[in-house]
Amino acid sequence: MTASLTAGCTRHGQTDDARAPHRTPSPTRTAASADGSVLAVKIDNVPAARPQTGLDAADVVYAEQVEGGLSRLMAVYATTLPAAVGPVRSARESDLELLRQFHEPTLAFSGAQSKLLPLIHQAPLRAESPDEAADAYYRGTDRAAPHNLYLHPDRVLPSAPGKAALTTGFRYGPAPSGGTPEASRTVRYPSARFAFTWSARRGGWLVAMDGTPTVTTEGDRPAPATVVVQYVKIRSSRYHDALGNPTPFTETVGSGKAEVLRDGRSFDATWSRPGATDGTAFTAADGSPMNFAAGQVWVVFAPASS
């Protein structure tokens, strides 16, 4: 399996983003103790990577803009560890800032730009790429590399840490007063888009990506109870892909506007995260804390208007 992992990461050439493991994979091992730590997995989100696996089991799904105006996901698991998650892809500098809100999270990723790897290994997290945990990954046979790398979560975490590990700052409870009835909401990146359509039967927002309904390999259709459109500054970082496209950096520390979708309604809100180790607080238009509905949360980082 080690040979197949290495081949899958180096054979892709220009079809990947030039971010792959660089060291010799470590030998087989058992999952390390990580009590109280969430598992965050970088998930591929181009059409060739769909349908994804294990996405509906995440407690929180973050959507971010990457090179070429495309999108990538980070799924965070605390209450449930699915049997498999993927396809797993590479990490970005923005992930390090986003993950500081969790206590020593475990980050599963396929690799990173060579100059970024030292920062990942210096960050307060457990880096679990195929370099560190070769036995936790496998290559699927139904699609071509690099869109076929999957993770067995129980090989990097012994068990789900529980809801208390979700130190995001999110509050859950009754909806505030007001809001606007909303049937659907679309968020666009230059080369990708997310659409969320309210389903009263599911009690959540049915997800579509790039115009196609989102389903998982298990046949489930994610329907998060809460969708957050968080307006942030997205700037170029010092990194780039193999084609020279700059890697965007999504600033998740600071403050700004947000839109919260829950219970078939849209609520104007603001967000605040004073420091990297703080969670993100959301405030409703009337000044009260913005509660989320119980269940899965999707956070889509949208570019703030200048």
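This passage walks through the charged pairs, the aromatic rings and the nonpolar core of a predicted model.

Confidence comes first. The protein has a mean pLDDT of 88, and 87% of its residues reach 70 or more. Two stretches are another story. Over residues 1-16, pLDDT stays under 50, and the model has 29 contacts beyond four places in sequence for them. Over residues 18-33, pLDDT again stays under 50, with 57 such contacts in the model.

Next come the charged side chains. Side chains of opposite charge can pair when their charged atoms come close. A search of the whole structure turns up 10 salt bridges. One of them joins K42 to E64, with 2.9 Å between the closest N and O atoms. This pair links distant parts of the chain: K42 belongs to strand β1 (residues 39-43) and E64 to strand β2 (residues 60-65), with their positions 22 residues apart in the numbering. Both K42 and E64 are buried. The story does not stop at two residues, as D95 joins K42 and E64 in a network of salt bridges.

Another salt bridge brings together the side chains of R235 and E251, at 2.7 Å from N to O. Here too, distant parts of the chain are linked: R235 sits in strand β15 (residues 234-240), while E251 sits in the loop between β16 (246-250) and β17 (254-262), and the two are 16 residues apart. How open to the outside are these two? R235 has 34% relative accessibility, so R235 counts as partly exposed. E251 has 21%, and as buried means under 20%, E251 also counts as partly exposed.

The side chains of D142 and R143 form a salt bridge as well, at 3.9 Å from N to O. Their surroundings are worth a look. D142 counts as exposed because its relative accessibility is 57%, with exposed meaning over 50%. R143, at 15% relative accessibility, counts as buried.

Now for the rings. The structure holds 9 aromatic pairs. In one of them, the ring centres of Y138 and Y150 lie 5.5 Å apart and the planes meet at 20°, so this pair counts as stacked. Y138 is in strand β6 (residues 137-139) and Y150 is in strand β7 (residues 149-151), so the pair ties together parts that are 12 residues apart in sequence. Y138 counts as partly exposed because its relative accessibility is 26%, whereas Y150 is buried, with a relative accessible area of 4%.

A second ring pair, Y172 and F292, is arranged another way. The ring centres are 6.2 Å apart and the planes stand at 90°, so this pair is edge-to-face. It links distant parts of the chain, with Y172 in strand β8 (residues 171-172) and F292 in strand β20 (residues 291-292), 120 residues apart. Y172 is partly exposed, with a relative accessible area of 31%, while F292 counts as buried at 0% relative accessibility. Both rings belong to a cluster: ring pairs link F170, Y172, F282 and F292. Y172 also has a charged partner, as the charged end of K163 sits over its ring, 4.9 Å from the centre.

What about the nonpolar residues? The largest nonpolar core has 73 residues, and those touching the most other members are V41, Y62, V76, I120, L151, F194 and W298. Strand β21 (residues 297-303) supplies the largest share of this core, namely 6 residues. V41 makes a handy example. Leaving out residues up to four places away in sequence, V41 touches L73, M74, A75, Y77, V85, V88, A108 and L151. L151 is itself on the list of core residues that touch the most other members.

One last stop is T214, found in the loop between β13 (212-213) and β14 (226-232). Is this loop residue buried or exposed? T214 is buried, with a relative accessible area of 4%. Leaving out residues up to four places away in sequence, T214 touches V207, A208, M209, D220, R221 and P222.

Key: Residues are numbered from 1 along each chain as its sequence is written. This is a predicted model: local features need pLDDT of at least 70, side-chain atom pairs count only at pLDDT 80 or more; totals for chains, interfaces and linings use all residues. Side-chain values use heavy atoms; hydrogens and water are left out. A salt bridge is a side-chain nitrogen of Lys or Arg within 4 Å of a carboxyl oxygen of Asp or Glu. Helices (H or I, at least four residues) and strands (E, at least two) are DSSP runs, numbered from the N terminus. Buried means under 20% relative accessible area, exposed over 50%, partly exposed in between (1.4 Å probe, protein chains only). Rings of Phe, Tyr and Trp (its six-membered ring) pair if their centres lie within 6.5 Å; planes under 30 degrees apart count as stacked, over 60 as edge-to-face and the rest as tilted. A charge sits over a ring if NZ of Lys or CZ of Arg is within 6 Å of the ring centre and within 35 degrees of the ring normal. A nonpolar core is a set of buried Ala, Val, Leu, Ile, Met, Phe, Trp, Tyr and Cys residues joined through side-chain atoms within 4.5 Å. Contact means heavy atoms within 4.5 Å. pLDDT is the predictor's confidence in each residue, from 0 to 100.
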